[in-house]
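Let's take a walk through a protein model together, starting from its interior. Have the sequence and the 3D view open as you read.

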Amino acid sequence: MKFYIVDVFTQEKYAGNQLAVFIEKGVLSTQQMQKIAKEINYSETTFITSTDIREGGYDVRIFTPEQELPFAGHPTLGTAYILQKEIIKLAVNRIILNLQVGQIPVTLHYLNESVEELWMQQKPPSYHQTFAADALAQVLNLDSTEIDARYPIQEVSTGIPFIIVPLKTHSSLKRIKINRDKYFELVSHTKAKAILVFCSETNKSEDDLSVRVFADAVGVPEDPATGSANGCLAGYLVKYAYFSADSIDLRVEQGYEIGRPSLLLLKAQRTDTEIEVFVGGSVVMVASGEFI
């Protein structure tokens with residue numbers, strides 16, 4: 001099998017979120033794919049199970065080291081990049097991935113015949129239970145007054161649910177130290193197994209938000225770049241008019257605290273019936289090889 005290593009949501013190699021993409025054409029069982037994902041030990045590994053188009057898209061499966069996922073952000077963009085570069089080999093503007101959650105379209109923007117940015121449209125966000133500030137403050141090892149009480153702490157999903165937590169300052173964001181006992185106690189009672197924490201203060205002046213994502217329950221203590229979580233965040237920001245607008249176009253930084261600075265691009269807008277969410281970023285090839 002051929003495989004490729006890419007960095008997603010990055011401007012250069014060895015930043016962003018690394019992803020392994022396998023072209024395996026239906027050879028492996030679910031158990032074998034899960035075993036490989038565990039051996040690779042990235043936050044996610046994807047398998048292109050057919051290079052033939054089915055119902056307009058390519059069949060793709062996504063695995064963490066612990067389980068298969070119905071959808072995830074950086075694997076969607078990274079896999080679309082490999083499909084264009086290694087399988088299609090034409091400057092197509094749109095690629096559809098057939099995932100467990102359904103068909104996810106990815107649009108590709110080019111610069112000098114190379115893919116510059118990829119954008120995916122996520123499923124419309126859904127909004128679920130809310131949480132008390134005291135409970136999340138204990139999980140994050142912060143004081144409850146550091147959480148921005150103007151906005152709710154809420155579980156939001158565009159395919160995978162995340163608990164969204166607004167903070168007042170960047171200082172609080174940087175000081176988070178997860179209390180694992182409190183974290184596992186919390187997620188044992190929720191559909192969401194991961195927490196996204198954000199604030200409007202940033203490392204770089206040109207960025208709009210700073211984010212951290214914690215998902216120890218699925219084998220990722222802290223993720224350097226999380227497209228699915230940021231899609232949930234985009235829907236949350238529009239629903240609660242965080243920027244006092246019905247639409248957003250933002251630069252979001254993530255991964256600085258673990259030495260893998262990432263840049264995610266978010267767009268969202270309110271329509272008559274729902275909130276449309278788009279997440280974008282760049283992908284860089286790191287390595288390729290054959291898996292024996």
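The paragraphs below go through the nonpolar cores, the aromatic rings, one helix and one buried acidic residue.

Please keep in mind that this is a predicted model. A good place to begin is the largest nonpolar core, which has 63 residues. Within this core, Leu118, Ile164, Phe198, Leu233 and Leu237 touch the most other members. Helix α6 gives the most to this core, with 7 residues. If you centre your view on leucine 237, you will find that its contacts include Phe198, Leu209 and Tyr242, along with Phe243, Ile248 and Leu250, leaving aside residues up to four places away in sequence. There is also a second, separate core of 21 residues, and Ile153, Ile163, Ile195 and Cys199 are among its members.

Now for the aromatic rings. The structure holds 10 aromatic pairs. In one of these, phenylalanine 47 and phenylalanine 63 meet edge-to-face, with 5.7 Å from centre to centre and 85 degrees between the planes. This pair links distant parts of the chain: phenylalanine 47 lies in strand β3 (residues 45–48) and phenylalanine 63 in strand β4 (residues 58–63), 16 residues apart. Phenylalanine 47 is buried, since its relative accessible area is 0%, and phenylalanine 63 is likewise buried at 0%.

Another edge-to-face pair is made by phenylalanine 198 and tyrosine 236, at 5.9 Å centre to centre and 80 degrees between the planes. Here the partners are 38 residues apart, and the pair links distant parts of the chain, with phenylalanine 198 in strand β12 (residues 195–199) and tyrosine 236 in helix α6 (residues 227–239). Phenylalanine 198 has a relative accessible area of 0% and so is buried; tyrosine 236, also at 0%, is buried too. These two rings belong to a cluster linked by ring pairs, together with Tyr151, Tyr240, Tyr242 and Phe243.

Charged side chains meet rings as well. The charged end of lysine 239 sits over the ring of tyrosine 240, 5.6 Å from the ring centre. Elsewhere, lysine 267 places its charged end over the ring of tryptophan 119, at 4.9 Å from the centre.

Next, turn to helix α5 (residues 180–187), where Tyr183, Leu186 and Val187 are buried. How do the buried residues of α5 fall when seen down the axis? They lie within an arc of 85 degrees, so they line one face of the helix. The general geometry helps here: an α-helix has 3.6 residues a turn, so residues three or four places apart point the same way. The cover over the buried residues of α5 includes β9 (126–131), α3 (133–140), β11 (161–166), β12 and β13 (209–215). At the start of α5, a side-chain oxygen of asparagine 179 comes to within 3.2 Å of the backbone nitrogen of aspartate 181.

Finally, look at aspartate 7, in strand β1 (residues 2–8). Is aspartate 7 buried or exposed? With a relative accessibility of 0%, aspartate 7 counts as buried. What does its side chain meet there? One polar contact goes to the side chain of glutamine 18 (3.4 Å), and another to the side chain of arginine 260 (3.3 Å). Not counting residues up to four places away in sequence, aspartate 7 also touches others, including Glu12, Tyr14, Ser282 and Val284.

Methods:
Residues are numbered from 1 along each chain as its sequence is written. This is a predicted model: local features need pLDDT of at least 70, side-chain atom pairs count only at pLDDT 80 or more; totals for chains, interfaces and linings use all residues. Side-chain values use heavy atoms; hydrogens and water are left out. Rings of Phe, Tyr and Trp (its six-membered ring) pair if their centres lie within 6.5 Å; planes under 30 degrees apart count as stacked, over 60 as edge-to-face and the rest as tilted. Helices (H or I, at least four residues) and strands (E, at least two) are DSSP runs, numbered from the N terminus. Buried means under 20% relative accessible area, exposed over 50%, partly exposed in between (1.4 Å probe, protein chains only). A charge sits over a ring if NZ of Lys or CZ of Arg is within 6 Å of the ring centre and within 35 degrees of the ring normal. A nonpolar core is a set of buried Ala, Val, Leu, Ile, Met, Phe, Trp, Tyr and Cys residues joined through side-chain atoms within 4.5 Å. Contact means heavy atoms within 4.5 Å. The arc is that of the directions from the helix axis to the C-beta atoms. A polar contact is a pair of N or O atoms within 3.5 Å; within protein, one must be able to donate a hydrogen and the other to accept it, and residues adjacent in sequence count only if both atoms are side-chain atoms.
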